[in-house]
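Colleague: I've just opened this one and could use a quick tour. Mind if I fire questions at you?
Modeller: Go ahead, here it is.

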Amino acid sequence: MSEQKRQHPFMILLGALNSVIYLLFPLGILLVQNIFDNGLGDVAGSLIMFIATITAFLIFFLLFHTLKWAFYTYRYEEGYLHIKTGIIFKKERSIKQERVQTVNIRTGILQRLLGLASLKVETAGGGTESELSLTAVKMEEAYRIKNSLEDPDSGLTPYYNGVRTEEGEVYRISFLELFLAGATSGRFLVLFSLIAAAFSQLYPYVPEAFWEYLLEQVTSTATATVLLVTAFLLLLSWGVSTLAFMVQYANFTLHRQQDQLQVSWGLIEQKQLTVSLHRLQALSIQEGVLRQPLGRCAIIAEVAGGSSRDQDYITLLFPLLSTGELSKFLSRILPEYRLPHTWKSLPVRSCRRYLFRALALTMLVVLPLQWFSLPYGWTAFLLLIPAFFLGLSRYHAAGTSIDDGQVSFSFRNFNRYRVIMLRNHVQALQVSSNPFQRMRGLRSIRAFVLSLPAGKEFQVTDLDYQEAQRLWKWYSRYGNS
Amino acid sequence: MEELPRERIDPRAVKAWFYNGLLWGLVLILFPVVYLILVDRAWDLPAFYGWLGVGIISLYTLWEAVIVPRLKIRFWRYEIREEEIDIQHGIFIIKRTLIPMIRVQHVDTEHGPVMRIFNLATLRISTAASEHRIPALSRERAAELRGEISALVRVSDEDV
């Protein structure tokens with residue numbers, strides 16, 4: 001095990017292609033400019049120049065990355081990984097097993113064709129850059145390094161060749177659930193605005209006959225066209241975003257082994273992440289607006305440490321789960337956390353404040369609109385109706401729960417969240433009150449939790465004074481002793 | 001939670017905050033004053049906005065330098081116990097914060113120029129997820145507390 005090794009030569013091609021891709025954009029701009037300068041007559045000439053430049057750069061980068069590849073060697077032995085890099089300036093680095101937080105393995109589509117994987121080793125201390133990455137090593141080699149670097153005492157079943165013995169608890173997403181998750185992800189709204197913007201640019205180029213045909217099918221009014229086009233675009237963006245979601249999170253698997261959580265997903269680009277349990281700081285159960293009616297929720301983890309680049313991925317623990325299954329899910333995967341059964345909901349007198357906040361905020365938007373005396377401007381007042389119901393449902397969603405060493409907050413902005421925290425993960429607790437709350441004997445409570453990149457606060461507004469006091473006592477070491 | 005934290009911050013804080021607010025006011029008022037001078041000489045803009053700026057900044061300074069310090073000192077309280085730090089502060093919104101000693105990552109003291117004149121310092125307590133301040137302690141008290149907290153943090157670290 002102690003001989004110096006190089007990565008797979010494919011690293012050269014991968015590195016060179018990556019470098020060239022960065023140049024494509026500026027060179028592309030130059031090309032367009034060139035075409036305009038020389039007139040449309042000499043497009044071929046400009047194109048040849050463009051291709052020649054790219055090729056020259058590609059050759060240069062290939063040579064450079066060949067050297068880099070040749071000088072990049074690694075060696076691993078029990079508990080250590082040594083790396084030597086540098087063509088002129090030599091650099092040597094040794095990573096000790098104890099300092100390794102996680103070892104993540106990824107495979108892109110090109111790499112998978114050759115049975116290769118990239119490996120990222122993250123060490124304690126975080127930072128934006130992972131400590132070390134190997135871009136192209138054989139799959140089994142990647143798993144061998146992973147095994148030798150991850151804590152042998154954690155008792156993880158050794159991986160080999162990407163296949164592992166099924167031990168511990170596994171949750172895998174079903175096709176139907178994956179589809180539902182994509183369909184209700186709400187991403188289509190973002191995509192819709194993008195498509196609509198692009199479409200408004202393309203509109204003049206659509207042949208007249210097409211519109212006429214469309215109009216003949218329905219009534220021939222302009223409003224109908226607008227409605228039809230909007231509906232079509234909505235449907236299109238919904239379909240595309242659902243498909244994209246399904247491809248991105250395909251085969252989503254959550255695997256609990258000893259004190260490690262392993263998450264893997266992806267069809268085209270496969271990703272695998274490992275989170276040690278002690279890095280898990282809080283668990284959020286997110287019931288999206290679209291998901292709640294279907295009785296589905298997503299599980300999100302607040303994680304401390306690791307490199308902040310991966311934070312978007314690491315936080316999603318499971319994309320879609322039936323709410324009824326939550327209790328079973330937690331007891332199998334995360335028995336450290338329990339789903340609270342009894343919630344302390346808010347007193348009736350805080351309902352007024354919830355309604356007031358929702359309505360006042362809407363009025364702040366609606367009233368200035370009236371200034372412009374738009375036709376049908378008064379219809380904006382209709383917004384007060386959904387605002388009223390939003391306030392009401394926020395009131396009903398809010399609550400707290402204490403269960404031994406665990407506290408849970410429930411609240412809603414648009415999505416409903418239930419956040420479960422263990423007492424020794426709450427960094428600080430804050431009870432606050434404004435004069436109106438004090439008049440009615442109400443308080444707000446806020447818990448600070450460590451989470452990437454800085455920290456997070458979870459808050460429940462307008463709870464009963466007695467309840468705030470109970471939470472305070474629960475948290476205080478002074479009150480308990 | 002019924003009983004308030006025992007200790008109050010240094011009463012000299014009111015004076016220090018007053019001068020601090022006044023200094024800020026003087027800096028801010030430069031903008032409308034410069035505007036007014038330029039309007040007179042160079043631009044063809046209404047002087048009204050300049051006077052409006054002067055008015056707003058004067059009111060703001062009065063609020064920040066005279067009223068806020070008095071309100072702040074009324075509610076500011078803290079207590080450092082063996083296992084936790086208990087802080088209360090606010091003007092309208094009163095916040096009561098509890099920080100367990102084991103969660104404290106580090107403590108430091110800092111003081112600006114005005115604070116230095118009054119021999120005051122701010123104690124800053126950081127946890128992994130949040131930062132809390134006890135402003136305007138006498139400098140000796142701040143240093144003492146810093147030492148005390150660091151010692152307590154070390155002790156409770158051993159407990160874990």
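Colleague: How many bridges join strand β19 of chain A to β4(B), and which way do the two run?
Modeller: Keep in mind that this is a predicted model. There are five bridges between β19, residues 426–433 of chain A, and β4(B), and the strands run antiparallel.

Colleague: Which residue of β4(B) stands opposite A:S433?
Modeller: That's B:I94.

Colleague: How many residues does the contact take from each chain?
Modeller: Chain A puts in 20 residues and chain B puts in 18. On the chain B side, strand β4 (residues 94–100) gives the most, with seven residues.

Colleague: And what classes of residue are on that side of chain B?
Modeller: Where chain B touches chain A, you get nine nonpolar residues, six charged and three polar.

Colleague: Switching to chain B by itself. Which domains does the assignment give?
Modeller: Domain 1 covers 13–72 and domain 2 covers 78–159, according to the domain assignment of chain B. Their C-alpha centres are 32 Å apart.

Colleague: How many residues of those two domains are in contact?
Modeller: In chain B, nine residues of domain 1 are in contact with seven of domain 2. On the domain 1 side, α1 (13–41) and α2 (48–75) of chain B each supply at least two residues. The largest share there comes from α1(B), with six residues.

Colleague: What's the mix by class on that domain 1 side?
Modeller: Six nonpolar, two charged and one polar, for the side of domain 1 of chain B that touches domain 2.

Colleague: New topic: helix α12 of chain A. How far does it reach?
Modeller: α12(A) takes in residues 384–397, which is 14 residues, and goes 20 Å from its first C-alpha to its last. That is close to the 20 Å expected at 1.5 Å a residue.

Colleague: Which of its residues are buried?
Modeller: In α12(A), the buried ones are A:A387, A:L390, A:G391, A:R394, A:Y395 and A:A397.

Colleague: Why do you say the buried residues of α12(A) line one face?
Modeller: Because, looking down the axis of α12(A), the buried residues fall within an arc of 165°.

Colleague: What do those buried residues pack against?
Modeller: The buried residues of α12(A) pack against three elements of chain A: α11 (349–370), β17 (406–412) and β18 (416–422).

Colleague: And which residues are exposed on the other side of α12(A)?
Modeller: Over there, A:I385, A:P386 and A:F389 are exposed.

How values were computed
Residues numbered from 1 in each chain as written. Chains lettered and ligands numbered in written order. Predicted model: local features only at pLDDT ≥ 70, side-chain atom pairs only at ≥ 80, totals over all residues. Helix = DSSP H or I, 4+ residues; strand = E, 2+ residues; numbered from the N terminus. Nonpolar A, V, L, I, M, F, W, Y, C, P; charged D, E, K, R; others polar. Pairing = 2+ DSSP bridges. Domains from an automatic or database assignment. Expected span 1.5 Å × (residues − 1). Buried ≥ 20, exposed ≤ 12 C-beta atoms within 10 Å, placed from the backbone. Arc of directions from axis to C-beta.
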